[in-house]
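Q: Please take a close look at the aromatic rings of this model, and then follow the description on to the ligand site. A connected account with distances and angles would be most useful.

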Amino acid sequence: MADLPNIHVPSLIARKRDGSPLLAEEIATLMSGFTEGSVPDYQMAAFAMAVYFQGLDDNETAALTSAIIASGKQFQYPTGHPRVVDKHSTGGIGDKVSLALAPLLACDDLWVPMVSGRGLGITGGTLDKLESIPGFNVNVKMDQAIAQLERIGVVMMGQTAEFCPADKKLYALRDVTATVPSIPLIVASIMGKKLAETLDALVLDVKFGSGAFMQNEADARKLADAMIATGERHGVKTTAILTPMSEPLGHAVGNALEVDEAVETLHGRGPADLRKLTLDLAEAVANVKRPQLEQWLDDGTAFAKWQEMVTTQGGDPTASGKLATNIHPAPVIRDVLAKASGTVTAVDAKQIGQASLELGAGRATSDTTINPAVGFDQLVKSSTDVQARDVIARIHAANDSSADVAEAALRSAIVIR
Ligand code: URA
């Protein structure tokens, strides 16, 4: 049992359990005790469960967010730096927007310090996708990141030990105590990491639907409003876009496959839904209007910025756009053909995400190794009219038996009537 200056942890847990609000200083002391080890995991787990049932009000959520930010180092920029912006997505199947968005925003007079995560749950995270580029280094220290921003305006990196350690510790505990799906804990976790980037503006992409954390739009709105309130309280202009995640974004799901699709978008091509969402999110934080952003995608400026970033972070720029074909070709590539003519009425994101996880594109536990080669491309979109024997998806698998499992899952996920 830990007794910290001014707080008695069991009493504090009991007050939260019974629905009383806590003071900001109490939350700050509890979190610093947890970070440095004097508050043990079992007390923090009980606290997280009390929060799960009783929630936190705006003041408490802001205090927890501040405690997460204060637990590590924050980005500090030289005076006179350009506006610093970022986006956060609550995550969805085939969501590779960050890969196109970060270099696009860096074409503007902006700095984009994008600290991303690895996937746990269904598909790979942004870092997993980037690591399918040979040599690409996501382990960038904060001072290196700032030097890179000064040179090229963009860095895509992982969360280092010096960055929000309280969140890393708390998230690991929540993951094993059934306390991840709590709006105030999610808000503090996400916003703590984003606000530690010391941003001027943040745009949130809050997904809802079968392939998302939030299953319906009303819950996504609640999460978005809570994140906006926390961002604004910390002085960061925060906006949110709510986007459906009932079907995968774009036509590709899987690590190398998604990077190739993002590169298509950076060439001004790529799927319409991916381009639109990239532009919608970019417009929310950019200095310039949409036509200029479109032009940077279409005239090669955004792709050139991507290549600059890949090269700066040790990646092989000659691999861009060719990962699935040249660098990580899957041993089995199989077309899935429509059995009958009709209209596609559903392409279920959750089932497709689950199928990609089973192929090896995602991580069931934190120590699973991701296979960059596997996944799907050429996924049909809903409302498309198809003829019997048209390709409705292509499977990239490690072997025939996993391709068989994936094909059965795709046939259940893609409904043609
Ligand atoms: N992503 C995070 O970073 N934290 C959460 O709590 C949930 C999703």
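**Aromatic rings and the ligand shell**

A: In this predicted model, Phe53 has a relative accessibility of 62% and therefore counts as exposed, the threshold for that class being over 50%. Its sequence neighbour Tyr52 has a value of 34%, so Tyr52 is classed as partly exposed.

These two residues belong to the account of ring pairs, of which the structure holds 4. The ring centres of Tyr52 and Phe53 are separated by 5.1 Å and the planes meet at 90°, so this pair is edge-to-face; the class requires an angle over 60 degrees. A second edge-to-face pair is formed by Phe75 and Phe163, with 5.9 Å from centre to centre and 80° between the planes. Phe75 is placed in the loop that runs between helix H4 (58-70) and strand E3 (83-89), whereas Phe163 is in the loop between strand E5 (154-157) and helix H8 (165-175); the pair therefore ties together parts that are 88 residues apart in sequence. Phe75 and Phe163 are both buried. The pairing also extends beyond these two residues, since ring pairs link Phe75, Tyr77, Trp111 and Phe163 into a cluster.

A further ring is engaged by a charge. The charged end of Lys169 is located over the ring of Phe34, at 4.6 Å from the ring centre.

The ligand site adds one more aromatic setting. The shell around the ligand consists of Tyr171, Arg174, Ile186, Ser189, Ile190, Lys193 and Phe213. By residue class, 4 of these are nonpolar, 1 is polar and 2 are charged. H8 and helix H9 (183-195) each contribute at least two residues to the shell, and H9 provides the largest share, with 4 residues.

Three side chains of the shell place polar atoms close to polar atoms of the ligand, within the 3.5 Å limit for a polar contact. A polar side-chain atom of Arg174 is 2.9 Å from an oxygen atom of the ligand. Lys193 likewise directs a polar side-chain atom to an oxygen atom of the ligand, at 2.6 Å. For Ser189, the partner is a nitrogen atom of the ligand, and the separation from the polar side-chain atom is 2.6 Å. As for cover, the ligand has 240 Å² of accessible area on its own, and the protein covers 81% of it.

One shell residue, Ile186, also gives a spatial reference to another part of the chain. Leu56 and Ile186 are 130 residues apart in sequence, and their C-alpha atoms are 11 Å apart. Leu56 is in the loop between helix H3 (41-54) and H4. The relative accessible area of Leu56 is 14%, so Leu56 is buried, the limit being under 20%.

Two other buried positions complete the description. Asp128 lies in helix H6 (residues 126-130), and its relative accessibility of 6% is why it counts as buried. The side chain of Asp128 is in polar contact with the side chain of Arg363, at 2.8 Å. Ala406 is part of helix H17 (residues 400-413) and is buried, with a relative accessible area of 3%. Between Ala406 and Ile395 there are 7.3 Å from C-alpha to C-alpha, at a sequence separation of 11 residues.

Key
Residues are numbered from 1 along each chain as its sequence is written. This is a predicted model: local features need pLDDT of at least 70, side-chain atom pairs count only at pLDDT 80 or more; totals for chains, interfaces and linings use all residues. Side-chain values use heavy atoms; hydrogens and water are left out. Rings of Phe, Tyr and Trp (its six-membered ring) pair if their centres lie within 6.5 Å; planes under 30 degrees apart count as stacked, over 60 as edge-to-face and the rest as tilted. Buried means under 20% relative accessible area, exposed over 50%, partly exposed in between (1.4 Å probe, protein chains only). A charge sits over a ring if NZ of Lys or CZ of Arg is within 6 Å of the ring centre and within 35 degrees of the ring normal. A residue is near a molecule or strand if one of its heavy atoms lies within 4 Å of it. A polar contact is a pair of N or O atoms within 3.5 Å; within protein, one must be able to donate a hydrogen and the other to accept it, and residues adjacent in sequence count only if both atoms are side-chain atoms. Accessible areas come from the Shrake-Rupley method with a 1.4 Å probe; for residues, only the protein chains shown count as cover. Ala, Val, Leu, Ile, Met, Phe, Trp, Tyr, Cys and Pro count as nonpolar, Asp, Glu, Lys and Arg as charged, and the others, Gly among them, as polar.
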